[in-house]
Amino acid sequence: MKKKKTVADSPKKVGFFSSLAFKIVVVILIGGGLAVGLIGAMSILDSKKTLEEVYKNYTMNVADTAASAVDASMQATADAMISAGQLMIGVNSVDMEHYMINKIVEDPEGNRQLLADTYADSLGYITLEGVEGSYAYFVSSDGMMLWHPTVDKIGAEVENAAVKGLVGRLQGGETPEDIGKGAVLYEYKGSQKFAGYSFTKAGNMVIVTGDYDEIMKPVAKLTRMILITIIVVIAIIIVFFYTMIKILLKPLSDVCEIIDDTADLNFRHTAKGAVLRKRHDEIGMMARAVSQMRSNLRHIVREISETGDRITDNVETLRNTTDDVNSMCSDNSATTQELAASMQEASAVTDTINGNINDVKAEAGKIDDLASEGAKLSVEIQNKAAGLKAETEAAAQKTRDMYDQVRVEADEAIESSKVVNKINDLTDTIMEISSQTSLLALNASIEAARAGEAGKGFAVVASEIGNLANDTSEAVANINNIVGEVNGAVAQMAACLEQTTDFLAKNVLSDYEKFEDVSLQYQQDAGSFGDSMNTIKEGCDHLGNAVGSIANSIGEITHTVGNSANGVSNIAEKTSGIVTGTNDVTERVSDTKNAVDTLEEIVKRFSMEEA
């Protein structure tokens with residue numbers, strides 16, 4: 001995977017063309033160049049206009065001088081010819097010009113050299129000073145070349161468009177005085193020409209011309225000088241401003257070095273930073289702001305480091321705590337599963353006890369029926385006591401039968417009453433389970449208290465189990481009390497039955513022969529037997545009620561034990577959930593530890609100590 005470029009990967013040195021000093025110098029150069037260039041251009045344009053104006057006047061004056069020279073030359077020629085008798089007296093320069101024009105018109109080829117020689121003295125030396133290739137030529141008012149340095153052009157029509165324009169004006173009726181002397185700029189065969197013109201007295205034109213470029217050479221020279229001056233000045237400006245800007249920006253470069261150190265996470269104090277912070281300009285403000293930023297970053301890094309240490313300690317503590325909670329929850333889960341199994345066994349035992357109690361209740365009902373029959377029988381004995389004597393033998397037999405029956409049923413009733421003793425064994429078992437439950441609840445409360453916040457929910461369940469154990473103990477104590485009363489009633493019933501059978505065996509049967517003599521006493525004993533039967537019946541009723549209460553209590557115990565088993569099962573499930581949660585907490589603690597390690601690695605990348 002391609003590595004992402006960071007600030008730290010950027011170059012440490014700024015290139016010359018990327019430097020702020022270069023850019024500022026470029027800005028100054030552009031501004032200064034534009035200003036100097038504008039001034040130079042204005043100077044050049046002004047110089048050009050001035051030189052053009054000067055040369056206009058100069059060429060015009062030279063042309064005017066040349067025209068005067070032509071007039072003087074023509075007058076001199078006329079005077080010489082008059083003296084030689086070749087001309088009449090009174091001929092002047094104007095007449096001589098017309099004469100020469102007629103000569104060239106009559107025979108251009110034959111007289112061309114004549115005109116060349118005639119005007120050579122007055123026009124041949126005429127040039128523009130300093131303008132190489134400049135010369136003068138002479139044109140008639142109708143556009144014919146009267147003199148030219150190139151002899152072949154004499155007698156030909158003038159080619160100059162500007163001069164043709166002047167000829168046109170003369171042909172149009174304007175006089176030389178109307179036109180006057182002057183100077184024009186024109187183009188001839190692709191070259192710029194500058195020409196001054198003036199009129200002779202005869203109305204012909206003397207033109208002094210030169211190449212525009214030659215005339216403007218001083219301006220071109222001045223332009224070159226200005227350009228060279230501008231270049232030199234700009235070079236000096238560049239060197240000066242670059243040097244000054246480098247000096248001025250040196251503190252900014254130092255600030256950049258400090259910022260670069262900051263980007264490299266190096267927060268060590270530097271001597272340059274102390275010097276920069278003492279400045280009162282913008283760089284000083286920047287240095288102080290960077291110093292404040294670095295100070296804040298140092299503080300943040302220290303806080304991150306300290307926080308990382310605290311998180312590490314907390315993570316280690318939390319990891320140890322979660323390990324302990326995980327271990328305790330595992331033990332509690334196993335214990336609650338065993339407790340649930342014990343509760344289920346207790347529930348089965350209470351179901352058995354309930355069945356036995358129902359059996360006891362059934363046997364007590366039988367005894368109650370027998371007691372009722374005994375009470376009825378005693379009444380009949382009392383009513384028939386007077387007739388016992390006559391029926392002694394039959395009564396004796398009945399008594400023996402009754403004795404046998406009562407003896408068998410009494411033995412069975414006594415034997416059945418011993419079932420109550422099993423209740424004591426069952427209550428002892430329940431008490432032992434209750435003691436174990438109380439001990440388990442106590443241990444659970446201790447473990448929940450050790451677990452702290454994570455064990456609050458379990459502490460509530462442990463408390464409920466303890467309360468259940470206490471309720472079970474109280475219910476068993478009530479059962480023991482009731483069973484004690486049942487045992488007392490059964491013992492009383494057994495004593496009564498023993499007394500009755502002993503009475504029948506020892507008194508009724510043995511003394512049956514004397515029954516007639518003691519019939520009155522038998523009637524009294526029958527009354528006692530009736531009272532005993534009533535007592536037995538009352539005892540049986542009490543026993544039935546007690547057994548019913550025991551059955552209800554055992555039913556409640558069964559329901560309570562079942563609920564306890566369900567609660568313990570829920571505790572086991574929740575404990576398993578806590579174990580799962582602690583495993584997740586352990587994973588998160590490990591992840592937090594890894595994050596803290598990452599923070600420590602980041603902090604180690606910072607350089608915090610002073611150099």
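**Exercise 1. The strand pairings around strand 5**

Val139 stands opposite Met205 in strand 5. Starting from this contact in the predicted model, determine which strands pair with strand 5 and in which sense.

*Solution.*
Step 1. Strand 1, residues 135-139, pairs with strand 5 in the antiparallel sense, over 5 bridges.
Step 2. Strand 5, residues 205-211, is also joined to strand 4 by 7 bridges, and these two strands run antiparallel. Within that pairing, Ala195 has Thr209 as its bridge partner in strand 5, and Lys193 has Asp211.
Step 3. The hairpin of strand 4 and strand 5 has 5 residues between the strands, and Gly203 there takes a positive phi near 85°.
Step 4. As for burial, strand 5 is mostly covered, with 6 of its 7 residues buried.

**Exercise 2. The order of the sheet**

Establish the order of the strands in the open sheet and identify which strands form the edges.

*Solution.*
Step 1. Strand 3, residues 182-188, pairs with strand 4, residues 191-199, in the antiparallel sense over 7 bridges. One bridge in this pairing links Gly182 to Tyr197 in strand 4.
Step 2. Strands 3 and 4 form a hairpin with 2 residues between them, and Lys189 in the turn has a positive phi of about 50°.
Step 3. The open sheet of 5 strands has the order 2-1-5-4-3, with antiparallel pairing. Its edge strands are strand 2 (145-147) and strand 3, each of which pairs on one side only.
Step 4. From one strand to the next, the twist averages 35°.

**Exercise 3. The span and burial of helix 3**

Compare the end-to-end distance of helix 3 with that of a straight helix, and list the buried residues of helix 3.

*Solution.*
Step 1. Helix 3 covers residues 108-123, which is 16 residues.
Step 2. A straight helix would reach 22 Å at 1.5 Å a residue, whereas the end C-alpha atoms of helix 3 are only 19 Å apart.
Step 3. The buried residues of helix 3 are Asn111, Arg112, Leu115, Ala116, Thr118, Tyr119, Ser122 and Leu123.

**Exercise 4. The largest cavity**

State how many cavities of 30 Å³ or more are found, and describe the lining of the largest cavity.

*Solution.*
Step 1. The count comes to 5 cavities of 30 Å³ or more. The largest cavity has a volume of about 130 Å³.
Step 2. Its lining consists of Val255, Ile258, Arg268, His269, Thr270, Gly273, Arg277, Ala287, Val290, Ser291, Arg294 and Arg298.
Step 3. The elements that give two or more residues to this lining are helix 7 (217-263), helix 8 (271-277) and helix 9 (282-383). Helix 9 gives the most, with 5 residues.
Step 4. By residue class, the lining of the largest cavity divides into 4 nonpolar, 4 polar and 4 charged.

**Exercise 5. Two contacts distant in sequence**

Classify Val315 and Lys604 as buried or exposed, and give the C-alpha separation of each from a residue distant along the chain.

*Solution.*
Step 1. Val315 is found in helix 9. Its relative accessible area is 5%, which is under the 20% limit, and therefore Val315 is buried.
Step 2. The C-alpha atoms of Val315 and Val596 are separated by 9.3 Å, although the two residues lie 281 residues apart along the chain.
Step 3. Lys604 lies in helix 13, residues 519-604. Its relative accessibility is 62%, over the 50% limit, so Lys604 counts as exposed.
Step 4. Lys604 and Ser305 are 299 residues apart along the chain, and their C-alpha atoms are separated by 9.1 Å.

Definitions and conventions. Residues are numbered from 1 along each chain as its sequence is written. This is a predicted model: local features need pLDDT of at least 70, side-chain atom pairs count only at pLDDT 80 or more; totals for chains, interfaces and linings use all residues. Side-chain values use heavy atoms; hydrogens and water are left out. Two strands pair if DSSP finds at least two bridges between them. Helices (H or I, at least four residues) and strands (E, at least two) are DSSP runs, numbered from the N terminus. The expected span of a helix is 1.5 Å times one less than its number of residues. Buried means under 20% relative accessible area, exposed over 50%, partly exposed in between (1.4 Å probe, protein chains only). On a 1 Å grid over the protein atoms alone, a cavity is a set of points where a 1.4 Å probe fits but cannot get out, and a pocket is an open set with protein on both sides within 12 Å along at least five of seven lines; lining residues have an atom within 4 Å of a point. Grid points are joined across faces, edges and corners, and a volume is the space filled by probe spheres set on the points. Ala, Val, Leu, Ile, Met, Phe, Trp, Tyr, Cys and Pro count as nonpolar, Asp, Glu, Lys and Arg as charged, and the others, Gly among them, as polar. Axes are lines fitted to C-alpha atoms, for helices over the stretch in contact, and angles run from 0 to 180 degrees between N-to-C directions.
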